[in-house]
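Thank you all for coming. Today I would like to walk through aromatic rings and nonpolar cores, and I will put the structure up before I begin.

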Amino acid sequence: MKVLRFALILFLFSLKTFAQNTAKPWAYWWWQGSAVNKADLRANLQKYADAGFGGLHIIPIYGVKGEEQNFIHFLSPKWLEMLEYTVKEAENLHLGIDMTLGTGWPFGGIDIKPEHAAKTFELVYEADQLPILKPKITKQQVKRAAPGAEGLVLDHFDKANVEHYLSKFDSVFAKNNIAIRAFYNDSYEVYGADWTENFFEKFKSKRGYELGDHLNIFENKTTFTEEEKQIYSDYQLTISELLLEEFTQPYAAFAKKYGKLSRNESHGSPGNVLDLYAANSIPETEFFGSKPFDIPLYRQDPEYSEKQFGKPNKMVLKLASSPANVFGKKLVSSETATWLGNHFKVSLSQVKPIIDESFLGGVNHIFYHGANYTPVNAPWPGWMFYASTNFNFNSHFWNELPLLNKYIENCQNLLQNSKTDNEVLVYFPIQDLWHQPKKGVYMMDVHNIEKNGIFTDKYRKLLNDLETAGYTFDFVSDLQISQMAELKLNKGNYKMLVIPEIEYMPLSTLKAIKKLNSVGFSSIFEKTLPKKTTGFLDLKENQPAFEKELASLKSMVASSVVLKMKTKNLKRETIQEKGLDFIRKNHDEGLLYFVANQHQIFEKGDLNFENNFKYTYTYNPKSEKWLEIPIKKSGRIKKINLELKSGESIFLYFTNSKKENLSTYEIQNYRHSEDLSKDWKLVFNEGRPKIPNPQKFTNLQSWTLADSLAGFFNGYGEYSKTFNLPENAVDKPAQIQLGDVRETAEVWINDTKIGTAWSLPYNLEIPEAILKTNNEIKIKVRNLSANEIKYLDMNKVNWKKFYDINIVDIQYKPFNASNWKPVDSGLLGPIFLKY
């Protein structure tokens, strides 16, 4: 029998990833007050290892009231002892450990004196004189700081200040290079910082003229001259360069010096985030907020405020994955499920679609946000972080979480060991934003990207048109285009550059584009060529030169970018037109697709793919099954018949390597249906605060409607009934469709476990030889913990005992569940058996 090269390579890849467990999901692990002890650290780590985590990320934060005597000051000998113990114990359990290079966020703390602190400025006017710029500190304190690390936020625009901050970690890791895998820097969030003490000198060194002669650009007015716009853009560009050169690169170099990776959330910063993400080992984005997925029965938290926080957008994720793809970085991480729903109200069925969305956006290294350290014997709900979602062992979905963890591991094992096959680069039009003067800087806030000035309606439409047409793309910056033209950066698989409708572009970028065009790279300008170049100093010479360079590019302008692209030799995937989202990657000897159905357009049908590979396989990351899928060929076009219901996801793999002994994929066309929605018995056997009375249902409804005990119950209820089937259903494969489940359902039929339904759609396949003429079915259902927290708040139980922000709800108001309505729980149905 032929040795399966593909299977062998997967096995070797699995060994490689096991060393750091990067395929498994990791989690933010907050140490409140750093009040940790070895016994509970060991117990916490064991639970996470058993649940299928790959690692944890330590973030010391504010403490728990009543635990003050156990607080451990950050970087004290005792704290370092706990850190070293944690790393060694984690290694024994095959867990990795990352750590924030500080406490809370952003960087700063007790050793940051005013001269090191984040700065802003004000304009001072005296009589009829020109304004004078007066620097001052912002006075921002580190958010959520841990004991012993409170203080001012760092000035990120000055390398000397950055090195002063890093020196305290130098003194630690130079003595004992504790085996942390990666250092971490959170999203920028340095509010109001737009200056540094020696900014005038740095500006003149970079831009060639005195900014002090042009301080009127910072005045509060509504109209600006073209010269003023150019000067402001020079100021903003300088800020961006300083953030890259004097903070981001030194931070990454510090990590490398000690053999660590650097994770960096570049968003929120006043720089070109594409360049900032690219400067670190692992670019890290975040999936913040609740998105209304068009999946039947998907629930967006009704208390989430899109007006306040925006709608999560996949393009946010691509801001991090694009530079990773452009620079060939293996890992793209994401802070995942931050404020997906209110505390105690998030289900696994709400988590999976954002995991799939993250993969579609190029993420392949999930970090749950998050898992709070808590003593294992602390009364429920234990120690809590102020923001949702809770992935620690006090969560209501903890027993079922290994199912999601395994799904993520199976997906990331393939995604981490494949490379982008994107062929299109889309220019990131930051210059148009930077030519709009104001007091302060433009922060690249991803929490509300649709209000961010760079993602205009026109730009979003272009990106949507490209995606809908089936073209896969990455964003690219001015610096990266120049690096490609100078052969300092490999062009990879990229064949085309799309430039949106813009007004401004640096002359150096335009020249680089022309150089790339001269060696076979195609470019398309949307609707018009840019009109103006950038930079105040040599504008009079550069603008005519810019216009001269533009003269030969008129043929590259297209009124419709998509129509023009269809005339080029580019891969275009028609499955996007069928309503399916995908990411395409090169994997060893084949082409790998992750396909997710996040809508209600497609259910099953023919899909076309264009390639020369001989064999096509499917891999279901939930069932862990590889199947060979029949294809119909017409030249290079392959047609496959696939079923993928809304909410489901799958991998498709095209290769020339034959995988032996696989079953053939086929769509089950069930012709008969049995309604199982009526006459169920329910007993409660595990949960808090009290076990409710048994219930009977003629028609399924929430178990909270039966009695007051059930309205507060947090735990498991077991449904049971018997049903009869005709002879033509006996021993045949079938499918049970559970309808609306609140929130997970473990199904047993005739004393055989069929599986656990934890994500949408709540369907489970029933193998052959299970169904009989007379059948018994049992379904063990787990609900949310929201009803018990209502009970605690109604009874004024003191569980909200945390310093700083304590506990807030999804709108950042003080948390109080006492007036919540009981959250629906159990089987809501309808339930059908298909055979």
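**Aromatic pairs and nonpolar cores**

By the pairing rule used here, the count comes to 76 aromatic pairs, and I should say straight away that what you are looking at is a predicted model. Take W195 and F199 as one example: their ring centres are 4.6 Å apart and their planes meet at 40°, and because tilted pairs are those that are neither under 30 degrees nor over 60, this pair is tilted. W195, at 1% relative accessibility, counts as buried, and F199, with a relative accessible area of 0%, is buried as well.

F815 and W820 also form an aromatic pair, in this case edge-to-face, with 5.4 Å from centre to centre and 80° between the planes; both of these residues are buried.

Rings also appear here with charged groups over them. R144 lies over the face of Y386, at 4.5 Å from the ring centre, while in the case of K438 it is the charged end that sits over the ring of Y442, 4.3 Å from its centre.

Let me turn to the cores. Which residues have the most contacts inside the largest nonpolar core? They are Y235, F428 and F475, in a core that has 221 residues. Helix α6, which covers residues 226-257, contributes the largest share of this core, namely 11 residues. There is also a second, separate core of 25 residues, and among its members are I481, L489, F525 and L553.

Note on methods:
Residues are numbered from 1 along each chain as its sequence is written. This is a predicted model: local features need pLDDT of at least 70, side-chain atom pairs count only at pLDDT 80 or more; totals for chains, interfaces and linings use all residues. Side-chain values use heavy atoms; hydrogens and water are left out. Rings of Phe, Tyr and Trp (its six-membered ring) pair if their centres lie within 6.5 Å; planes under 30 degrees apart count as stacked, over 60 as edge-to-face and the rest as tilted. Buried means under 20% relative accessible area, exposed over 50%, partly exposed in between (1.4 Å probe, protein chains only). A charge sits over a ring if NZ of Lys or CZ of Arg is within 6 Å of the ring centre and within 35 degrees of the ring normal. A nonpolar core is a set of buried Ala, Val, Leu, Ile, Met, Phe, Trp, Tyr and Cys residues joined through side-chain atoms within 4.5 Å. Helices (H or I, at least four residues) and strands (E, at least two) are DSSP runs, numbered from the N terminus.
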